[in-house]
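Student: I would like one close, connected look at a charged pair and at whatever surrounds it. Could you start from the pair itself and work outward, giving the distances and the accessibility values as you go?

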Protein chains: 2
Amino acid sequence: MRVPLELRRAYKLLNHGPTTLVTSAAHGRTNVMAVAWAMPIDFEPPKVAVVIAEGTLTHELVKASGEITLCVPTRAQLDSVYAVGSVSGRDEDKWASSGLRAAPASRVQAPLVEGCVAWLECRVLPEPDIQRKYDLFIAEVVAAWVEDSVWKDGGWDFSAGEEYRPIHHVAGGVFFAAGERMQAHKPEGAKK
Amino acid sequence: MRVPLELRRAYKLLNHGPTTLVTSAAHGRTNVMAVAWAMPIDFEPPKVAVVIAEGTLTHELVKASGEITLCVPTRAQLDSVYAVGSVSGRDEDKWASSGLRAAPASRVQAPLVEGCVAWLECRVLPEPDIQRKYDLFIAEVVAAWVEDSVWKDGGWDFSAGEEYRPIHHVAGGVFFAAGERMQAHKPEGAKK
């Protein structure tokens, strides 16, 4: 079940570097696209940086609306994620072709993707210079959600099933699943 | 053994979102810091975006030198990575305290970290506005290296040993190792 997460914890949804699904909505339509180049850039208020290539339908819709969602898909969605990163919403309705399903978000018009394990609703901040030069969008997270079956004591827990693990794209459809959990030892003299 | 990698393939070293070690050199000293908020933002010439918080010694050295390296550490280095992300180079010599060892880079003064599996030598691009507002640095990759025992046929291969796997920080010293390799099916109608 999708449950709200406090904004100050939203960075934890992306901190490990998973590949994301970016959704957008404008001009009476929506789109979904796989994006590996997305990361947190601030804790509170949480902000993200995302590369959305010029020429894509998502780029056009995001520039028109100033809104995106970042959703964290799972290994159960592997082929769908690769598909929506490989074909354009200009050529086909990617919701229909991928089997991914949209659900309404709470604060933005861009939809959430069902079956993911985390969702960030975001408003793009006005940084036209780096958008133009690098296709780089800075956005503030205005709502965050997590799948409660994989979230225990304020962190990820995939004991509910391997199929829930986030995926990390390398290239050409090769991904790593998020793997073994490890706890580092706290160093002497650490301030945090 | 560290071997050179063509710049056009350098994005593959970070595309899966591993936590990195950022090194810097200026004022006659060097430093090393763990950074989870780093990602590729372009293929060729390859560029990266990295958050380096104001107030850190690394921030000061990078602003002075305009150079960094991004190194990809392994699970064998777990505690050292957490340590150099938790203590400041202003308080102690992190090379001595962490056990990490520096090796000379080829194109920048900032050193490479021995025992990592990938290395990107980078020159910071002049973007003072987003540096100031978001602590976000854009850099061009000017040399790339990979550990040849984990690189086969142009991609990662960790069959040489689990200890070589990159690590992905969530929060508070909890990391995921890069896990199972998966190949997605190529969708019909894909252009790439």
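Tutor: In this predicted model, the side chains of A:Glu67 and A:Arg123 form a salt bridge, with N and O 4.0 Å apart. The pair ties together distant parts of the chain, since A:Glu67 belongs to strand β6 of chain A and A:Arg123 to strand β9 of chain A, 56 residues apart. The two partners differ in how far they are covered: A:Glu67 counts as buried because its relative accessible area of 14% falls under the 20% limit, whereas A:Arg123, at 31%, is partly exposed.

The strands that carry this pair also lead to a helix. Both β6 (67-72) and β9 (118-124) are among the elements of chain A that cover the buried residues of α1(A), as are β2 (20-26), β3 (29-35) and β10. Those buried residues are A:Leu57, A:Thr58, A:His59, A:Leu61 and A:Val62. A:His59, in this helix of residues 57-65, has a relative accessible area of 7% and is therefore buried; leaving out residues up to four places away in sequence, A:His59 touches A:Ile52, A:Ala53, A:Glu54, A:Asp135 and A:Phe137. After α1(A) comes A:Gly66, with a positive phi near 70°.

The pair from which we started is one part of a wider set, for the rule counts 17 salt bridges over all chains. Another is formed within chain B, where the side chains of B:Glu6 and B:Arg9 meet at 3.1 Å, N to O; here B:Glu6 is partly exposed at 38%, and B:Arg9 is partly exposed as well, at 23%.

Four salt bridges are found across the interface of chain A and chain B. In one between the two chains, the closest N and O atoms of A:Lys133 and B:Glu127 are 2.6 Å apart. This contact runs from the loop between β9 (118-124) and α4 of chain B, where B:Glu127 sits, to helix α4 of chain A, which holds A:Lys133. As with the pair in β6 and β9, the acidic partner is buried, B:Glu127 having a relative accessible area of 6%, while A:Lys133 is partly exposed at 41%. A further pair between the chains joins the side chains of B:Arg75 and A:Glu180 at 3.1 Å, N to O.

Beyond the salt bridges, 28 residue pairs are in polar contact across this interface, counting pairs with both residues at pLDDT 80 or more. Seven elements of chain A, namely β4 (38-43), β5 (46-51), α2 (78-86), α4 (128-134), β10 (136-147), β13 (167-171) and β14 (174-183), each give at least two residues to the side that touches chain B. Of these residues, β14(A) supplies the largest share, ten. Sorted by class, this side of chain A consists of 34 nonpolar, 13 polar and 15 charged residues.

Taken as a whole, the interface brings 62 residues of chain A into contact with 62 residues of chain B, and it buries about 5,400 Å², with carbon and sulfur atoms giving 61% of that area. A:Trp37, A:Phe176 and A:Met182 provide 16% of what chain A buries against chain B, more than any other three residues.

A:Met182 brings us to the paired strands, where it stands opposite B:Phe175 of β14(B). The strands β14(A) and β14 of chain B, residues 174-183, run antiparallel and are joined by seven bridges. B:Gly179 is placed in strand β14 of chain B and counts as buried at 8% relative accessibility. Setting aside neighbours within four places in sequence, B:Gly179 contacts A:Phe176, A:Ala177, A:Ala178, A:Gly179 and B:Arg165.

Some backbone details complete the picture. Between β4 and β5 of chain A, the loop contains A:Pro45, joined to A:Glu44 by a cis peptide bond with omega about 0°. Chain B likewise has a cis bond between B:Glu44 and B:Pro45, with omega about -5°. B:Asp135, in the loop between α4 and β10 of chain B, has a positive phi of about 55° although it is not a glycine, and is buried at 17%.

Terms used
Residues are numbered from 1 along each chain as its sequence is written. Chains are lettered from A and ligands numbered from 1 in the order in which they are written. Side-chain values use heavy atoms; hydrogens and water are left out. Helices (H or I, at least four residues) and strands (E, at least two) are DSSP runs, numbered from the N terminus. Buried means under 20% relative accessible area, exposed over 50%, partly exposed in between (1.4 Å probe, protein chains only). Contact means heavy atoms within 4.5 Å. Buried area is the accessible area (1.4 Å probe) that two parts lose on being put together, summed over both. A polar contact is a pair of N or O atoms within 3.5 Å; within protein, one must be able to donate a hydrogen and the other to accept it, and residues adjacent in sequence count only if both atoms are side-chain atoms. Ala, Val, Leu, Ile, Met, Phe, Trp, Tyr, Cys and Pro count as nonpolar, Asp, Glu, Lys and Arg as charged, and the others, Gly among them, as polar. Two strands pair if DSSP finds at least two bridges between them.
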